[in-house]
Amino acid sequence: MSEIATAEAGTRDAGETLTLRRPDDWHVHLRDGAMLRFVADMTARQFARAIVMPNLVPPVTTVAAAEAYRERILAALPEGRAFTPLMTAYLTDEIDPAEVARGFEAGVFTACKLYPANATTNSAFGVTDVRRIHPVLERMQAICMPLLIHGEVTSPEVDVFDREAVFIERILAPLLVDFPELKVVLEHITTSEAVQFVEAAGPKLGATVTAHHLRIDRNALFAGGLRPHAYCLPVAKRRQHKEALRKAATSGNPKFFLGTDTAPHARHDKESACGCAGIFSAPTALESYAQTFMEMDALERLEGFASEFGPRFYGLPLNRGTVTLRREAVKVPELMQWGELSLVPFQAGETLSWRFDESATTLA
Ligand code: NCD
Ligand code: ZN
């Protein structure tokens with residue numbers, strides 16, 4: 001149903017709009033407490049559903065914790081906002097397969113998230129060895145519950161820029177052999193190795209691609225000085241990897257779909273001697289993806305990537321309703337402030353060429 005319409009003749013860009021089926025975000029960090037109250041609606045205003053990461057402190061490992069978190073998310077949204085948070089279980093070495101299965105069957109958990117221990121923010125309780133969770137993976141495979149993977153090894157001898165490629169070779173490839181029917185999403189891919197691996201794998205493997213990995217390479221971390229707001233995990237790689245991601249995301253291959261990995265941290269936690277990993281892309285996520293698809297001359301493929309391939313992979317219905325972007329210059333704020341909380345969004349201060357027109361969203 002994607003349409004790119006020029007409403008009126010005249011100057012070439014005047015009135016140009018892009019209307020898409022309502023999209024979903026298949027990877028978000030909504031946080032908790034005061035931060036949740038600010039950031040949840042940044043996602044909910046653009047996306048109908050989102051896969052909510054469970055890396056809170058303590059992590060979401062039980063059905064009761066996921067239900068309570070889902071309630072807090074819904075309570076944080078403005079009245080009448082049509083948004084469905086899809087909850088995930090945080091896998092630990094000790095997690096009980098029966099608890100995971102019970103949550104999935106009750107419609108509380110949509111998927112499980114595998115963080116290798118200490119790979120990223122709040123992953124200290126993550127999995128120390130994938131063999132330890134074979135029983136839960138067995139169970140997930142049997143009930144068709146998706147496994148979402150932060151695909152980086154954590155061994156200190158592996159260079160930080162190689163951690164994804166090494167994970168694919170050492171952990172992911174054997175895991176897919178052990179669990180050939182398990183539905184797996186390799187999250188926030190950053191390398192050409194990941195693109196090739198996902199393309200070559202069977203239909204049970206998909207991948208999310210963030211807005212920021214389509215736009216920045218590792219030079220952004222050092223542009224004129226150290227740039228903490230360009231730092232996330234997996235860290236951005238060389239330009240050739242970004243080019244591979246841009247090609248894959250805009251190719252129309254349904255194995256690649258939208259997942260922003262929007263990961264807000266307070267400004268002072270980013271601008272620090274030990275800055276947190278995470279890029280806050282939710283405020284202009286769709287605008288940013290649209291910019292990339294436009295540059296790749298693939299705007300007609302944005303709807304598949306943003307609104308169709310994800311639900312098809314998860315086996316969920318497509319959304320009804322639409323969102324609209326207008327071809328207008330839009331400046332991303334330098335800083336977003338909410339009470340005591342200051343957040344610097346992705347592309348702060350930059351001018352983008354599509355504006356999300358919230359008032360044009362339709363629900364059915
Ligand atoms: C995420 C966070 O801050 O929770 N950070 C990030 O850089 N993406 C964790 C994660 O997804 O790795
Ligand atoms: Zn993430």
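This passage walks through the overall fold, one helix pair and the ligand site of a predicted model.

Starting with the big picture, the chain's secondary structure adds up to 10 helices and 16 strands. The radius of gyration of the chain is 19 Å, close to the 21 Å given by the globule rule for 364 residues, so the chain is as compact as a globular protein of that length. Taken along the principal axes, the box filled by its C-alpha atoms comes to roughly 65 × 45 × 45 Å.

Among the helices, H6 and H7 make a pair worth a look. H6 covers residues 192–200 and H7 covers residues 239–249; their axes come within 8 Å and cross at roughly 35 degrees. On the H6 side, the contact is made by Ser192, Glu193 and Val195, while H7 brings in His241, Ala244, Leu245 and Ala248. Sorted by character, the residues of this contact split into four nonpolar, two polar and one charged.

Then there is ligand 1. It has 15 residues around it, and the closest are Arg31, Thr120, Leu233, Asp261 and His265. Two of these closest residues also turn up in polar pairings with the ligand. For Leu233, a polar backbone atom sits 2.7 Å from an oxygen atom of ligand 1. For Asp261, a polar side-chain atom lies 2.7 Å from a nitrogen atom of ligand 1. Gly278 also takes part, with a backbone N or O atom 3.1 Å from an oxygen atom of ligand 1. As for cover, ligand 1 has 310 Å² of accessible area on its own, and the protein covers 100% of it.

How values were computed: Residues are numbered from 1 along each chain as its sequence is written. Chains are lettered from A and ligands numbered from 1 in the order in which they are written. This is a predicted model: local features need pLDDT of at least 70, side-chain atom pairs count only at pLDDT 80 or more; totals for chains, interfaces and linings use all residues. Side-chain values use heavy atoms; hydrogens and water are left out. Axes are lines fitted to C-alpha atoms, for helices over the stretch in contact, and angles run from 0 to 180 degrees between N-to-C directions. Helices (H or I, at least four residues) and strands (E, at least two) are DSSP runs, numbered from the N terminus. Contact means heavy atoms within 4.5 Å. Ala, Val, Leu, Ile, Met, Phe, Trp, Tyr, Cys and Pro count as nonpolar, Asp, Glu, Lys and Arg as charged, and the others, Gly among them, as polar. A residue is near a molecule or strand if one of its heavy atoms lies within 4 Å of it. A polar contact is a pair of N or O atoms within 3.5 Å; within protein, one must be able to donate a hydrogen and the other to accept it, and residues adjacent in sequence count only if both atoms are side-chain atoms. Accessible areas come from the Shrake-Rupley method with a 1.4 Å probe; for residues, only the protein chains shown count as cover. The radius of gyration is taken over C-alpha atoms; the globule rule is 2.2 Å times the number of residues to the power 0.38.
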